[in-house]
Every structure is written in C-alpha cells, then in structure tokens.
Amino acid sequence: RKWASSIGLTNSTSPGRWITNFPLTVLILFFLQTLQKPILPPFNLLIRSATPQDIRVTEDFINCPFLRDLKKLQFRTDNEDSVQILLKQFFEFYSKFNFHENGISLIEGRAVLKPDYSAMWITNPLEPPLNVSKNLSHEELEKFKFEAKNAAWMMETSESKKSDGDWGLMTLLRARRKIVKAESFFKPRIVDVQDLFSVTEESKEDDVEYKSPFIKNAVKQIHKETQRKISKLRKTS
C-alpha cells in the first residue's frame, strides 16, 4: 500500500477509477496462493473444512462458513523464500499477468476466466458474483502493470548494490531514482471534453493535407456538428 501510494497508483482522498487498498490486499493473497510452493490455501479449503460451530451469517445475510481453528486445517507450506524474494516475485507476477482474459479468485486459489470486460476482475470472496475492482479503468490497470515491472527491475538492480544499505521495499520507497515513470506514457486522469474536439493553434484544419476533397469536407462537417452539440450542451447546463 505504501509503495502504491508513493507512486500515485492509489488515491486515499477520493474514490475513482484507480486501484484501492482492498483489491491490492487481495492481489497479495492471490499471489501467495498461486506460488509453485503456495504459502496460503484457497478459500474453498477453509469452506470445506468448516464445522457446524464455524457457521456464521452477517447482518446482511452473507454466508461465511470458514474454518476458524487453523490448527485443524490440512495445509502446510514448505516455502522458505525470504520476504524480499517474494516481493520481487509479486511484482514480476503481476507485470506479466493476463488481466485481459483472466480474473482472480481467492476462493479457487487460481486464475479464472473473466465473466465480463472489466479491466480487472477480482471475485469477492464473500459474494462471488461481485467484482471488487470493477471501478478500475483500463488505463489505470496499465499503469499498475507498468509500475510493477518498474519495481521488479529496481529490486533486481538493487541486489547487485547491497553496499548502499538498500534492500527490498526500502529500494522502492527511497527518494525517486532516475527511471522511466508511468506518467511518461499516460495522460492525466482528468481530461477536458472540449480538448477532445477543439482545434488548437498548433493543429488547425488547414494544416492537414487531405488527398481526397470528399474526406476533407466530411471531416469539416463532423467538426462543425461536434462544435454545435458542445454549444448546445453549454446552454442547457
């Protein structure tokens, strides 16, 4: 969360089309479930292992029958990777994850086929039909993948420079290094609609060379009609 906040992936002051802390937490849990040597079990193992004493129902009637006594859980991990190695693997994992086709399910503990065209699909572990990351835009998802790749590269580089005292997360939270930032490739989050249609001084219609007079006239008509609609919207708002 600190890493995501420090590079502007999250925005704690207001909700929007960016990733939030809860989906970030789910991404961590899912990563720990899908390792070659898993550190966490899938949620459905907790459900199947539940006893009658573990039955719980929330105030809004959500069923939560999870095993509470983890000593009875038939799951053990033999993963001995350090936190630093796991952190780097986390960034590498999501920089390559196929969000276009796959969704994330803590219940199954594996990638599942996305049921819709949301940028990121994360199944709500308590209410499976819901997507807890539905607000995330495609542009913000690309930023997340870009920054994950950036972070993995920074950690890889720092491993050969341990003499400077940096390691793991401290490498990422230290003063910004001279590396490529996502802002170099993505526009600001808020865009004035007028900018999408207005002709600027640097790009006037007359500066465009058209090979076909028909195309030139068609473009002019589209521009005039768009300007007319914008003027109408201003008057009614």
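Is glutamine 33 buried or exposed, and what is its relative accessible area? In this predicted model, glutamine 33 has a relative accessible area of 6%, and because buried residues are those under 20%, glutamine 33 is classed as buried. The residue is found in helix H2, which spans residues 21-33. Leaving aside residues up to four places away in sequence, glutamine 33 touches Pro38, Leu40, Pro41, Pro42 and Phe43, as well as Ser105, Leu106 and Gly109.

Helix H2 also takes part in the nonpolar interior. The largest nonpolar core comprises 33 residues, and those with the most contacts inside it are Trp3, Leu27, Phe91, Tyr94, Met120 and Phe144. Two or more residues are given to this core by each of helix H1 (2-6), H2, helix H4 (83-96) and helix H5 (138-158), with the largest share, seven residues, coming from H5. Another core, of seven residues, lies apart from it and includes Leu45, Ile62, Cys64 and Leu73.

Aromatic side chains were examined next. Across the whole structure, a search finds 16 aromatic pairs. In one of these, the ring centres of tyrosine 94 and phenylalanine 99 are 6.1 Å apart and the ring planes lie at 20 degrees, so the pair is stacked; the cut-off for this class is an angle under 30 degrees. Tyrosine 94 and phenylalanine 99 are both buried. Both residues also belong to one aromatic cluster, which is formed by Trp3, Phe30, Phe31, Phe90, Phe91, Phe93, Tyr94, Phe97, Phe99 and Phe144.

Key: Residues numbered from 1 in each chain as written. Predicted model: local features only at pLDDT ≥ 70, side-chain atom pairs only at ≥ 80, totals over all residues. Heavy atoms only, no water. Helix = DSSP H or I, 4+ residues; strand = E, 2+ residues; numbered from the N terminus. Buried < 20%, exposed > 50% of the residue type's maximum accessible area, 1.4 Å probe, protein only. Contact = heavy atoms within 4.5 Å. Core = buried A, V, L, I, M, F, W, Y, C linked by side-chain atoms within 4.5 Å. Phe/Tyr/Trp six-rings, centres within 6.5 Å; stacked < 30°, edge-to-face > 60°.
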